[in-house]
Amino acid sequence: MNNKDNKTLKPVISWTDYKIDPRYFILFFLFTFVCAGQFYLGFFQKWDAVIISVATTVITEIIIVKFLYDKYAFPLSAFITGLGISLLLSSHILSMYALTAFLAIVLKFSIRFKGGHVFNPNNLSMVLVLFLLPSYAVSTPKQWTNGFLIMALVLILGIVACYMAGRLDIVLSFLVGFILMALIRHFVFGAPLLAALGPLMGASLQLFSFFMITDPKSTPTTRKARIIFGLLVALIDAIFRINAIPNPQFYALFIISALSIIPFRLWVTREKNLLT
């Protein structure tokens, strides 16, 4: 076996594997929507929610990294996580943003396997607060509107960010799967066609597709596995939508991550050991 094959078969991606760190593109992607929400769309979440979310993720990660590894580095990933929480979560209590942000970072360092976290930090923390504290935490896709300009902006920046991260395949597989499941929901279960396909036209689902489902650290490292991963998330999402369960995409990603990431990393480690 050659060394190139050995290097490409790995359970968890490293940011040093990229010529240009894709997190900068993701940061720009999310910050663009924070600004659009505050200056153009009139988001329910104001700057105080953004500041609290980002400050909590950054400070929490700095403390944990210092405690565990006795080193300091600016936590770019935590900054991105905080922006994501400020975009995805809506609450009339500011402390909910701090709680969700804190959970995201603590659980990222707590639930790990083979050198990397198992769940997307935003996804796991959002699932917990949406499920356990529904009176205080919601996700509000309607505030994004379905305006063409916003949708086009999300689409363009999302494609660039995911291409640089090498995760465009998982986005396409999820979106194709979502369309197929929407057609099944229409023809088999009687859902109105426009209602079934409607979420595709909203920036909320696109933000999920381009930001949450594509986290390089918590998705498979092989293209075939990523395509299957995206299709499975679309399948579980459709099942939840058929049963009128709110926030279906968050729960779908959580379930597929829980069922697949650890087995995938075990398989990759086994294959790599066999090849060496």
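Okay, so let's start at Val138, which sits in the loop between α6 and α7, with α7 covering 148-165. This is a predicted model, by the way, so please listen to everything with that in mind. Val138 comes out as partly exposed, at 37% relative accessibility. If you go looking for Arg241 from there, you'll travel 103 residues in sequence, while the C-alpha to C-alpha separation in space is 17 Å.

Let me do another loop residue while we're here. Lys19 is in the loop between α1, which is 3-8, and α2. Buried or exposed, do you think, for Lys19? Exposed, with a relative accessibility of 89%. And Lys19 has its C-alpha 9.4 Å from the C-alpha of Met164, although 145 residues of chain lie between the two positions.

Right, α2. That helix is residues 23-41, and α2 packs with α10 at an angle of about 160°, the axes being 11 Å apart. So α2 runs roughly antiparallel to α10. The crossing of those two, α2 and α10, is left-handed.

Now stay on α10 for a minute. How many of the residues in α10 are buried? 10 of 10, so the helix is mostly covered. The buried residues of α10 include Gln206 and Ser209, as well as Phe208, Phe210 and Phe211.

Phe208 is the one I want to follow. Searching the whole structure gives 10 aromatic pairs. One of them is Phe208 with Phe250, an edge-to-face pair, 6.2 Å centre to centre with 70° between the planes. Phe208 belongs to helix α10, residues 203-212, and Phe250 to helix α12, residues 248-275, so this pair ties together parts that are 42 residues apart in sequence. Phe208 is buried, at a relative accessible area of 1%, and Phe250 is buried as well, at 2%. If you zoom out a bit, Phe208 and Phe250 belong to one aromatic cluster together with Phe174 and Phe178.

There's one more ring to show you. Lys71 lies over the face of Tyr69, 5.9 Å from the ring centre.

Back to Phe250, or rather to its helix, α12. I have two packing partners for α12 here. Take α11, residues 223-242: α11 and α12 pack at an angle of about 140°, and their axes are 8 Å apart. That puts α11 oblique to α12, and the crossing is right-handed. Then take α6, residues 121-132, which packs with α12 at about 125°, axes 9 Å apart. α6 and α12 are therefore oblique to each other too, but here the crossing is left-handed.

Between α11 and α12 there's a loop, and Asn247 is in it. Have a look at the backbone there. Most residues other than glycine have a negative phi. Asn247 isn't glycine, and its phi is positive, near 55°. Asn247 counts as buried, with 18% relative accessibility.

Which other residue has a positive phi of about 55° although it is not a glycine? That's Asp70. Asp70 is located in the loop between α3, which is 47-69, and α4, which is 76-88. Unlike Asn247, which is buried, Asp70 is exposed, with a relative accessible area of 56%.

Last topic, cysteines, since somebody always asks. How many disulfides does the count come to? Zero. A disulfide is a covalent bond between the sulfur atoms of two cysteines. Look at Cys35: the closest cysteine sulfur is in Cys162, 20 Å from its own, and that's too far for a bond. Turn the question round and start from Cys162, and the closest cysteine sulfur is the one in Cys35, so you land on 20 Å again. The cut-off for calling a disulfide is 2.5 Å between the sulfur atoms. Cys162, incidentally, is buried, with a relative accessible area of 1%.

To wrap up, here's what I'd keep on screen. Keep α10, with 10 of its 10 residues buried, and the Phe208 and Phe250 pair that links α10 to α12. Then add Asp70 and Asn247 for their positive phi. That's me done.

Terms used
Residues are numbered from 1 along each chain as its sequence is written. This is a predicted model: local features need pLDDT of at least 70, side-chain atom pairs count only at pLDDT 80 or more; totals for chains, interfaces and linings use all residues. Side-chain values use heavy atoms; hydrogens and water are left out. Rings of Phe, Tyr and Trp (its six-membered ring) pair if their centres lie within 6.5 Å; planes under 30 degrees apart count as stacked, over 60 as edge-to-face and the rest as tilted. Helices (H or I, at least four residues) and strands (E, at least two) are DSSP runs, numbered from the N terminus. Buried means under 20% relative accessible area, exposed over 50%, partly exposed in between (1.4 Å probe, protein chains only). A charge sits over a ring if NZ of Lys or CZ of Arg is within 6 Å of the ring centre and within 35 degrees of the ring normal. Axes are lines fitted to C-alpha atoms, for helices over the stretch in contact, and angles run from 0 to 180 degrees between N-to-C directions. Angles under 35 degrees count as roughly parallel, over 145 as roughly antiparallel, 65 to 115 as roughly perpendicular and the rest as oblique. A crossing is left-handed if the near helix is turned anticlockwise from the far one by less than a right angle, and right-handed if clockwise.
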